[in-house]
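Here are some notes on the model, set out point by point. Please read them alongside the coordinates.

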Amino acid sequence: MAERLLLHYDFRLEADGVLKSWAIPKQPSLNPAIKRLAVQVEDHPLEYANFSGEIPAGQYGAGLVHIWDKGTYENVLARKPHPQTIAEGINAGHLEVQLHGRKLKGNFALIRMSKRGQKASWLLIKMQDAEARPDPVAEGLRGAPSTCQCPR
């Protein structure tokens, strides 16, 4: 039986001593019109933040892992009239963060839609700001396939 690789992007935010984590099946976009499914997965240890390499078959997350983007973030909800921590935002089903990555920049929202079994489905949405860009793929201009997708 052939093993099926599930390519996805891991979206992780450091909070409360762990990496709060979502699996995103398609590359995140800088276009506010493009909404990406983000499936919440279990928290990861902080050591995962710099891991790039191969996870052996039979272990959780088995496969080749590449770091596609890395940077820092600010919790935008902490500056609102009713401040919230990342944990409070996750519990409420609404996060807003400002990303300072090499590729992903500006404000993004994570909005919880529903729970399927044990995993919650969210949407990752680029908010309208100075970093918002049209998405060439959405406009029909396909580039070379990305090698930065991370198998689960």
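1. Two strands are taken as paired if DSSP finds at least two bridges between them. This is a predicted model, and in it strands β1 and β2 form a hairpin with 2 residues between them. Asp 16, in the turn, has a positive phi of about 55 degrees.

2. The hairpin strands, β1 (residues 7–15) and β2 (residues 18–24), run antiparallel and are joined by 7 bridges. Within this pairing, Leu 13 stands opposite Lys 20 of β2.

3. There are 3 aromatic pairs in the structure. One of them is edge-to-face, because the rings of Trp 22 and Trp 122 have their planes at 80 degrees, with centres 5.7 Å apart. This pair links distant parts of the chain, as Trp 22 is in strand β2 and Trp 122 in strand β9 (residues 119–126), 100 residues apart.

4. Trp 22 and Trp 122 are both buried. Ring pairs join these two residues and Phe 11 into a cluster.

5. A charge over a ring should also be noted: Lys 126 lies over the face of Phe 108, at 5.1 Å from the ring centre.

6. Is Asn 75 buried or exposed? Asn 75, which lies in strand β6 (residues 71–75), has a relative accessible area of 15% and is therefore buried, the cut-off being under 20%.

7. The side chain of Asn 75 has two backbone partners to check. A polar atom of this side chain lies 3.0 Å from the backbone nitrogen of Leu 77, and the side chain reaches the backbone oxygen of Gln 84 at 2.8 Å. Leaving aside neighbours within four places in sequence, Asn 75 is in contact with Gln 84, Thr 85, Ile 86 and Glu 96.

How values were computed:
Residues numbered from 1 in each chain as written. Predicted model: local features only at pLDDT ≥ 70, side-chain atom pairs only at ≥ 80, totals over all residues. Heavy atoms only, no water. Helix = DSSP H or I, 4+ residues; strand = E, 2+ residues; numbered from the N terminus. Phe/Tyr/Trp six-rings, centres within 6.5 Å; stacked < 30°, edge-to-face > 60°. Buried < 20%, exposed > 50% of the residue type's maximum accessible area, 1.4 Å probe, protein only. Lys NZ or Arg CZ within 6 Å of the ring centre and 35° of its normal. Polar contact = N/O pair within 3.5 Å; in protein donor to acceptor, adjacent residues only side chain to side chain. Contact = heavy atoms within 4.5 Å.
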